[in-house]
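I opened the model to look up how its sheet is ordered and what surrounds one of its helices. My entries follow.

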Amino acid sequence: MLCRGGDGCLFTLQQSSSNMMNRFLRRQENPAEEPESKTLDDPWRELRWGEKQMNLQYVQEYKPEKDDIRYLRVLLYGPVGSGKSSFINSVSNVIRGRMTIPALASAMTSDQSFTKRYETHKFIKGRGSTKTFYPLVFNDIMGLEDGTDRGVHADDIKLALKGHVKEGHKFNPVAPISQNDPGYNPTPSADDKVHVLVCVMSANTPQMNSSVLEKMKSIREAASDLGIPQMAMMTHIDEACGEIEKELKNVYKSKYLKKKMKDFSSAVGIPMNCIFPVKNYSEEINLNDDIDALILSALRKMVDFGDDFIEKI
């Protein structure tokens with residue numbers, strides 16, 4: 001406003017200046033709240049992203065020291081759709097250095113397990129007449145489902161831990177395997193038994209059904225009684241957290257994922273230092289060093305834990 005002089009004009013200018021100062025001070029006292037960051041400033045767990053080759057060599061060169069054990073056997077279990085078969089394919093990709101699909105996996109969302117049989121997945125080493133297998137195998141199993149007559153029975157997994165389930169056995173959701181079943185192995189060898197039990201859980205799952213949680217606790221107790229080491233994989237981390245989807249190296253900075261892992265640890269009883277977030281290969285058609293680094297971080301611990309157990313047998 002144009003002022004042409006006079007005391008009234010001076011008062012107006014002073015009042016206007018005072019009002020502006022008051023507004024400025026109020027903004028300083030009550031600054032607009034900025035949205036809270038979804039990531040931590042520093043990662044809460046250290047991962048050396050540049051050590052892929054060293055960890056890969058460690059896994060590839062591993063060999064059980066016991067003469068009667070050819071393979072370190074890892075059994076995967078978990079709810080339907082958690083990514084067990086996809087994790088096996090991802091491990092195969094990393095170990096063999098190219099895209100592979102040893103375990104059939106479904107891309108469809110379903111509340112029923114895609115895997116129906118007890119399958120052992122080996123990873124080919126070499127080619128032609130020199131072809132052998134790496135001494136690390138994974139057993140895939142039917143998924144846990146909500147309810148009593150759906151999915152794999154917890155008792156079937158307990159028998160698999162002891163080596164009592166034969167290769168190719170088709171699981172029956174209505175009735176667990178019995179000693180009279182042709183898929184029952186009455187005399188398991190040390191090679192048939194499980195050396196590491198790994199729970200696979202999706203980070204994208206809102207919450208776990210109580211019946212599935214009870215089955216998981218029952219399986220864990222059976223493994224503990226046998227002294228079998230236990231771990232967990234948290235899959236679908238990129239789908240669960242946008243910050244991880246944008247940059248996979250945010251995995252240990254994501255506040256959401258850390259809370260998800262803590263909640264899972266409390267619910268199931270697996271310590272945080274035995275839970276590993278991984279991203280399975282899904283849309284990719286070429287290998288990715290960051291995806292491999294997370295998978296190898298988990299694989300190396302499986303080898304270490306399993307080898308310690310084999311030494312005690």
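Before listing what covers a helix, I fixed the term: contact means heavy atoms within 4.5 Å. I also noted that this is a predicted model.

Entry one, the helix. I looked up H4, residues 154-161, and found it mostly covered, with six of its eight residues buried. I took buried as under 20% relative accessible area. The buried residues of H4 are Ala154, Asp156, Ile157, Leu159, Ala160 and Leu161. I then asked what covers the buried residues of H4. The cover includes helix H5 (210-226) as well as two strands, E1 (72-77) and E6 (196-202). Past the end of the helix I checked the backbone: Gly163, just after H4, has a positive phi of about 85°.

Entry two, the sheet. I traced six strands in an open sheet and wrote down the order E2-E5-E1-E6-E7-E8, with mixed pairing. Which strands stand at the edges? They are E2 (119-121) and E8 (275-277); each has a single partner strand, so one side of each lacks a neighbour in the sheet. On average, neighbouring strands of this sheet are turned by 25° against each other, direction ignored.

Entry three, one pair of strands. I looked at E1 and E5 (residues 136-140), which run parallel and are joined by four bridges. In this pair, Leu75 stands opposite Asn139 of E5.

Entry four, packing on the sheet. I found helix H3 (residues 84-96) packed on the sheet, where H3 touches E1, E2, E5, E6 and strand E7 (230-235). The direction of H3 makes about 160° with that of E5.

Key:
Residues numbered from 1 in each chain as written. Predicted model: local features only at pLDDT ≥ 70, side-chain atom pairs only at ≥ 80, totals over all residues. Heavy atoms only, no water. Buried < 20%, exposed > 50% of the residue type's maximum accessible area, 1.4 Å probe, protein only. Pairing = 2+ DSSP bridges. Axes fitted to C-alpha atoms, helices over the stretch in contact; angles between N-to-C directions.
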